[in-house]
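Please look over the sequence and the model below before reading on. The report is meant for someone who has not met this structure before.

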Amino acid sequence: MNGNHLARNLSSLRQASGLSQEKVAEAVGVTRQAVAKWELGETTPDVLHCDALAELYGVSLDDLLHFEQRGSGPAVPPPPRGKHVFGVVQVGERGQIVIPKRAREIFRLERGATLVVLGDTNPGTAGIALVPAEFFTSVLELAGQIQEPAEKEGV
């Protein structure tokens, strides 16, 4: 375990959540000084305190311990539990991308998998999402079932 990742993650998570060191200390049952030392990397919390911290911040224990930020910009906290940051991909000459191996493993994407590309162009939320075609189709079918009774009532 790299203590520097843990210290930086603890500090960025606390700041992102708007909590003081005192509030974090109270929540996990330690002193404010203990929290300060953890965030500076001077000491490391034991496994029970790490678990309590991960729960407090809503992140996985693995991300709390191992999430590694790239670059030297402002501290970015680990993603919330169930969310992932897989890294950076580059768009090729013809628009192709390579989905990182870890993402392919987690989502069980194999050669020939069909994905739906969704987009949002609204300022502040703009982005692209890849969704398995089977999931997207099932959502559309469900939406059709939900809307159908409302349409019949109006007829």
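What follows describes a pocket, a surface patch and two valines.

The model is predicted, and its largest pocket has a volume of about 630 Å³. Of the 17 residues that line this largest pocket, the closest to its centre are Phe86, Ile99, Ile128, Ala129 and Leu130. Two elements, β1 (115-120) and β2 (127-132), are the ones that give two or more residues to the lining of the largest pocket, and the largest share of that lining, 4 residues, comes from β2. By residue class, the lining of the largest pocket divides into 14 nonpolar residues, 2 polar and 1 charged.

On the surface, a nonpolar patch is formed by Val89, Val91, Ile97, Val117, Ile128 and Leu130, which together have about 560 Å² of accessible area. Ile128 and Leu130 belong to this patch and are also among the residues closest to the centre of the largest pocket.

The two strands each hold a valine that is set out in the table below.

| Residue | Strand | Relative accessibility | Class |
|---|---|---|---|
| Valine 117 | β1 | 58% | exposed |
| Valine 131 | β2 | 12% | buried |

Valine 117 counts as exposed because its relative accessibility of 58% is over the 50% cut-off, whereas valine 131 counts as buried because its 12% is under the 20% cut-off. Valine 131, in strand β2, can also be placed relative to leucine 118: the two residues are 13 residues apart in sequence and 7.6 Å apart in space, taken from C-alpha to C-alpha.

Terms used: Residues numbered from 1 in each chain as written. Predicted model: local features only at pLDDT ≥ 70, side-chain atom pairs only at ≥ 80, totals over all residues. Heavy atoms only, no water. 1 Å grid on protein atoms, 1.4 Å probe; cavity = no way out; pocket = protein on both sides within 12 Å on 5 of 7 lines; lining within 4 Å. Points joined across faces, edges and corners; volume = space filled by probe spheres on them. Nonpolar A, V, L, I, M, F, W, Y, C, P; charged D, E, K, R; others polar. Patch = residues over 30% accessible without salt bridge, like charges linked within 9 Å, V, L, I, M, F, W, Y side chains within 5 Å. Areas by Shrake-Rupley, 256 points an atom, 1.4 Å probe, with all protein chains shown as cover. Salt bridge = Lys/Arg side-chain N within 4 Å of Asp/Glu carboxyl O. Buried < 20%, exposed > 50% of the residue type's maximum accessible area, 1.4 Å probe, protein only.
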